[in-house]
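Here are my notes on the model, set out as numbered points for you to follow with the structure open.

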Amino acid sequence: MATNTQPVAVKLNAAVPEGPIQEKWDRHRFQMKLVNPANRRKYNVIIVGSGLAGASAAATLAEQGYNVECFCYQDSPRRAHSVAAQGGINAAKNYRNDGDSIYRLFYDTVKGGDYRAREANVYRLAQVSVNIIDQCVAQGVPFAREYGGLLDTRSFGGAQVARTFYARGQTGQQLLLGAYQALERQIGLGQVKMYSRAEMLDVVVIDGRARGIVVRDMATGKIRSHLGDAVVLATGGYSNVFYLSTNAKGCNATAVWRAYKRGAVFANPCFTQIHPTCIPPAGEHQSKLTLMSESLRNDGRVWAPRKKGDNRNPRDIPESDRNYYLEERYPAFGNLVPRDIASRAAKVVVDDGYGVGELKNGVYLDFADAIQRLGKKIIQERYGNLFDMYMEITGEDAYNVPMRIYPALHYTMGGLWVDYNLMSNIPGLFVIGEANFSDHGANRLGASALMQGLADGYFILPYTLGNYLADTKADKVDHNHAAFKDTEAEVTEQITRLLKIKGKRTVDSIHRELGEVMWNNCGMGRNEAGLKEALAKIPAIRAEFWENVDVPGESQDLNQSLEKAGRVADFIELAELVCRDALHRRESCGAHFREEYQTEEGEAQRDDENFTYAAAWQFSGDGNEPILHKEPLTFEYVKLSQRSYK
Amino acid sequence: MNLKLRIWRQKNAGSPGRLVDYKLDGVSADSSFLEMLDLLNEQLITKGEEPVAFDHDCREGICGMCGMMINGVAHGLRPAVTTCQLHMRHFRDGDTIIVEPWRAKAFPIIKDLIVDRSAFDRIIQAGGFISVTTGSAPDGNVIPVSKTKADLSMDAAACIGCGACVAACPNSSAMLFTAAKIAHLNLLPQGEVEKYERVVGMVARMDTEGFGGCTNIGECTAVCPKSISQDFIAKMNSDFIKATFAGVTAAEK
């Protein structure tokens, strides 16, 4: 795929507008060019993905009058994995009168990201957060209410204010349904053409601009291309490079990876977030991990036995034998420390032999105190569906015994590099939501992914994309253009190649093997030796895949093995880039914890002098080392400091 | 545990399907139903056979993608769970398990256990939304909503669109799905303005898609992984009658 692409010189220009941070976005909105409403229907915009970012962007651009084509691999746009987000969405509404402000949300996000995000983007995110809540309420999202009828909020990790809006434990579902319904309305009006069970397999670049995509119809196997004046990737993250993650089984990196191989640079791939509260794996058969919302840490207390291998029933372990390690170590934030800190602390406890459960691979999250304080009914009201879910999966009743939890791969802060306008270095190729390298720096705070997805889709892209279209005079192209024909041919060739291997290993078995290497060597703790080992092992896995995978079935058919094979082929390549990035970043920051670089207390030790930049990698041909570009990060408003949650 | 599986295999919409028997050994009681099928598929691929095609995605009971008839019951016998949440500890060693796709005229089979549920999306297009354009919303706290109403609306909004209600219904009715969306929106003040157009439009669409009518059997609620109450169907009927009296008809829309 794209082996003949010569690397073109990349100059990263973040295009951050001038002026004080509070005014940048407003000024920029005024300065950007507009497309006349009558002319918008002449433009075709392609949006890949229908999660919070994709669906909100598709609906909003269609409302503005653009012709939109939207693609998703599921059978309906309502199933995109945003649906699974449980806890909530942050917004600087300050309805609680507890000291919140746009500036504070901005500050918390930059600090939570361990100073590896672009300040101007984060400030804008905090600014539009308030509009998101308004929009969602108007759409009929049934947010939790107080008895007076006003919106309720709760607190979340990494913040000392209660700014998280929620709809039971199904906030992602309800926000997605809001965006999905807005999208369906536009489909009904003929303004959006929706393609479900459609997987984007490549992007078509003509004269340096993104002009379309090549898609496989997953029901019939047909390959076809679609033309666009702009292409928007809203395809989510790449946690499944680790095989076991909380992502849906279908979540994949193929769209962003193919864009990377066409010249889009990939930023901070090693910033992968581990969620501290997931159900620990139960054995070999495990196909994915299930998250228990971070909101549980509001009322649950995390602990492990003080004695190694303590096999007593947790209810029989007296207080004196329990180690509430988060509360002890971080008295100010206690159980609500950010995700990276909570995850690493759990890893230390388990690695040291204090793990609980049959496989000794978890720690306890205990609700006994909360139930005693508030009563079972209130806990049930707050988290009932999570407790039910836990019961189904483990067969244990968390009202009576503490939950067992352990960190799992959950979210990827890294992604395709974008400028302030959310455009990649390929003009006309926009990347939104989790798929871009994001506003979360090296670590995302809870309830901020939903915020970013919807900010990008509802309130940022609809402005910046119009500016691009108004500013661009590109030649008309059609399906007969050589670039479309060539890209289609390359996609078809790869499919033929996969089906021809007829080896002995299933796609899943190779994916699992890759995941093990990634989790062991590039997971919660990373070090030079381990990363080098991974970089030696991954090419071997890649070779094994291309020589010995068995993809049954045909191309012109619904073929789930073939779908998986294409995704895993890309994951293997991406895995190498993740490890390479992790190896090059000789510091610890946020979710990227290099064991060599830690403070005496075991916290992440940043190296601001040498690493205050976004690392953007450029593809330079198969078998060649990617080229590293650096976008320096400057902090004018938030002072760089050692994060402290004590 | 060791199992005997009888699984519906069908190459595509045009070919006839049939139940095929498989023996599957060494299934962990802690694995999920779909992980059990993963194991079968791994073995089938290794034997050079085509794996069983089934829809699935989040595997945590929220995306609504998975769904199959397990021993004749949509999502299996456990109440209030999706197929992906169903765990093998609820079966016994030596059990025979019959696995079939959703069966309904409006859900044509695509392959094996995969059906086409796009009719649900078209029902939503017919009114399952509040017409509010991005950017035009007032402050979120301008419209107070009583907690009781918001909670009831949320009960309805919890629907995951899996289609179990249709598959379980002897009439293949989509009334529970449609009613849940109507109730979610019509219960809220924001949804009030379009309430009659919504119910009339969605019900009309439901009928043209080929779903049957409701005869109050209640199987839909019984199998619903989110326990959506049948009461919402009564509410839909009431809204529909009021809309008719108000003179709102599908043709007018």
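1. How far apart do the C-alpha centres of domain 1 of chain A and domain 2 of chain A lie? They lie 34 Å apart. Chain A is divided into domain 1 (26–86 + 109–143 + 174–274 + 411–471), domain 2 (277–408) and domain 3 (483–611), the bounds coming from an automatic or database domain assignment. Between domain 1 and domain 2 of chain A, the contact takes 11 residues from the former and 17 residues from the latter, where two residues are in contact if their C-beta atoms, placed from the backbone, lie within 7 Å.

2. Some points of reading: this is a predicted model, in which local features need pLDDT of at least 70 and side-chain atom pairs count only at pLDDT 80 or more, while totals for chains, interfaces and linings use all residues. Residues are numbered from 1 along each chain as its sequence is written, and chains are lettered from A and ligands numbered from 1 in the order in which they are written.

3. On overall form, chain A has 646 residues and a radius of gyration of 24 Å, which agrees with the value near 26 Å for a compact globule of that length (taken over C-alpha atoms, the rule being 2.2 Å times the number of residues to the power 0.38). Of the residues of chain A, 60% count as buried, that is, with 20 or more other C-beta atoms within 10 Å of their own, C-beta atoms being placed from the backbone. The secondary structure of chain A comes to 17 helices and 20 strands, these being DSSP runs (helices H or I, at least four residues; strands E, at least two) numbered from the N terminus.

4. Helix 14 (residues 507–522) and helix 15 (residues 528–548) of chain A pack at an angle of about 175°, with their axes 9 Å apart; axes are lines fitted to C-alpha atoms over the stretch in contact, and angles run from 0 to 180 degrees between N-to-C directions. That makes the two helices of chain A roughly antiparallel, a label for angles over 145 degrees. Among the residues making the contact are Ile510(A) and Leu514(A) of helix 14 and Ile538(A) and Phe545(A) of helix 15.

5. Between the chains, the contact takes 62 residues from chain A and 64 residues from chain B. Helix 6 of chain A (171–188) is one of the helices that each supply at least two residues of the side touching chain B, and helix 6 gives the most to that side, with 9 residues.

Methods:
Angles under 35 degrees count as roughly parallel, over 145 as roughly antiparallel, 65 to 115 as roughly perpendicular and the rest as oblique. A residue is buried if 20 or more other C-beta atoms lie within 10 Å of its own, exposed if 12 or fewer, and partly exposed in between; C-beta atoms are placed from the backbone.
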